[in-house]
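Student: I have a structure to go through, and I would like to know what the labels on it rest on. Can we take them one by one?

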Amino acid sequence: MTFKSTAGLLLAFLGIASSVQAQQESATGGQPVSKYNYHDAFAPLFYTKNGNEFRAADGAPGAQYWQNRADYQLSAKLNDQTSEITGSEILTYTNNSPQKLGFLWMQLDQNLFKQDSRGSAIVPVTGSRNGGHGQVFDAGYKIKSVKIAGTDTELKYLINDTRMQIFLPKEVAPAGGQIKIKIDYSFVSPDYGSDRTGVLATKNGKVFTIAQWYPRMCVYDDVLGWNTVPYSGPGEFYLEYGDFDLSITAPASHIVVASGELLNPQEVYTAEQQKRWAEAAVSEKTVIIRSAKEVTNPASRPSGKAELTWRFKIKNARDASWASSASFIVDAAKMDLPSGKKSLAISAYPEESDGNDAWGRSTEYVKKSVEFNSKKWFEYPYPAATAVAGIVGGMEYPGIVFCGYKAKKGSLWGVNDHEFGHTWFPMIVGSNERLYGWMDEGFNTFINTLTTADFNSGEYAPKKPADMERVGDYLTKPDLETVMSAPTNLKERNNGLLLYFKPGTGLTLLREQILGKERFDFAFRTYVERWAFKHPTPDDFFRTMENAAGESLQWFWRGWFVNNWRHDVAVTDLKYIDGDASKGALITLVSMEKLPMPTILDIKLKSGKVDRVNLPVEIWERNSTFIYKHPSTEEIESVTYDPEKVLPDVNPDNNVWKK
């Protein structure tokens, strides 16, 4: 092609572009052209890396995917007078990576509550949910010894804030090499610990909800190597999977509940209580194990010892937690799981939380929430699901959750449902919460909408559908950070929006308006099944959804998750073909903001009939202005974009054209 012909082609193109621009300006009344650019929205190369042997291009784990393993034998003793916990840990760490490991990194989360911690330093003067709420006490871990298990060989270690680096005398071999380490330690529990652990005073004794209570392995993965981002409060956790054996020693007046299966009920419960447990194991209705009247009766606890040791076991879990109190009322019921596997829903709560409008219904809530998600996505993997009423507003751990003791009615359903929804994200699908909090909070917020709609035919469901226009305007405010931001990079007031509600709303949009329920549910279930007890990244989720649903969704990931783009479509004009309504109408739509969406129109005819029109997102693939030809045969009274307000359109004022 010669330069002259190239120049001619360029001039012709500029002429066409000028014509289009004139049409756009005419359509918008001479106002500035929209912000929408289809080159940005539908740009290529969304994925910057190809699939490899560890993570396949279709979003599945690769043929050589690996992850390391951490098994724990944990023993702890609670001093209920001083709130001190004295513990011993035997860690068996398996290195399945292809690299030798000459040192290990562990998390020391209790160090957050030290006055000189990084987390304490960043608490704003206006206050925060995170940190220790200004408590001054002997906080943090006291590491007494770190040894090769079964020997007297002391290991060198270095503690920096909430991390401990352990230097090994010999590298842990790749592809299955193991090391066993014994750590002795103690710490004093905060009364309020970043809304994840703490101590509640009740009239019948303190309620201890104990979490982040042992040195935990950092994850070593194929993405970043060692994941050592310090714990500062906003970001949660990223943990390896393994088996846990727990031994918790507490005053004999206490009842202890924990992650997993209780192994020695005959030692810690009375004969009558063991009988009630057996009844609960086959009961659809809640069975009282220890009633409110029995709490102050010494006969409701085994006699003869000052202390009792409770033993629990949970397999293939990423963590374990426990609670202990002399004030616990306990009840339980069986859960009906798809495979027929046995599991119990359990609640433990003080008298202050009792009542049919409050924690007296907790076990019912736990049972129904777990049963629904087990059938919908992936079967609940643990032998018990225990809800504990305490000072913590809401926090999840494998097989056990802590929820606010004052919650009742819909708020108690909501917190129990949400915290046990975390069984699927991140307890089963083990994403990196420290970096991508939205992959557990947002996904869980989404599945909560389905459980709530199902529970008792919508007992606590919203009375009317959400106005997605108002929701969209709120979730895409120009001053918001992006969903993909790490939790520590968000203004604290935006955590709820960007970790929970915006990604949750995004999945609702995908399910209801973009893919449809059947395609979405299959793809989402595929993601859960592929990455159960593994460590997915955002790309693994995006790729799985696209491959399983058979749809390129890169425009949506780019606009809703990676960027904070807004959506706004204007209905700007209507003309009849040749000026004759019987020949059809040309309806002009303009995408005013950066985020495209499928288009929904209601076209009301003079006769009163309303035509519903659905146009795919591809109308915006090469247009910022689109003219839709409607085959009407009579005059049109009005055209309404998004008539049921199911799209996140931020400007409803330009959604309607009227005759």
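What follows is a set of questions about labels, each set against its definition.

Student: What kind of model is this, and how are residues numbered?

Tutor: This is a predicted model, in which local features need pLDDT of at least 70, side-chain atom pairs count only at pLDDT 80 or more, and totals for chains, interfaces and linings use all residues. Residues are numbered from 1 along each chain as its sequence is written, and side-chain values use heavy atoms, with hydrogens and water left out.

Student: What makes Lys575 and Asp573 a salt bridge?

Tutor: A salt bridge is a side-chain nitrogen of Lys or Arg within 4 Å of a carboxyl oxygen of Asp or Glu. For Lys575 and Asp573 the N to O value is 2.4 Å, so the pair meets the rule. By this rule the count comes to 36 salt bridges.

Student: Why is Asp573 called partly exposed?

Tutor: Buried means under 20% relative accessible area, exposed means over 50%, and partly exposed lies in between (1.4 Å probe, protein chains only). Asp573 has 22%, so it is partly exposed.

Student: Which labels do Asp578 and Lys583 get?

Tutor: Asp578 has a relative accessible area of 67%, so it is exposed. Lys583 has 46% and is therefore partly exposed. The two form a salt bridge, with their closest N and O atoms 3.3 Å apart.

Student: How far apart along the chain are Asp521 and Lys376?

Tutor: Asp521 forms a salt bridge with Lys376, the closest N and O atoms being 2.8 Å apart. The pair links distant parts of the chain, 145 residues apart: Asp521 is in helix 12 (residues 517-530) and Lys376 in helix 6 (residues 362-376). Helices (H or I, at least four residues) and strands (E, at least two) are DSSP runs, numbered from the N terminus. Both Asp521 and Lys376 are buried.

Student: How do you know that strand 9 and strand 10 pair?

Tutor: Two strands pair if DSSP finds at least two bridges between them. Strand 9 (residues 197-202) and strand 10 (residues 205-210) have 5 bridges, in the antiparallel sense, so they count as paired. They form a hairpin with 2 residues between them, and Ala201 has Lys206 as its bridge partner in strand 10.

Student: What about strand 3 and strand 11?

Tutor: Strand 3 (residues 101-107) and strand 11 pair in the antiparallel sense over 2 bridges. With at least two needed, the pair qualifies. In strand 11, Met217 is the bridge partner of Met106.
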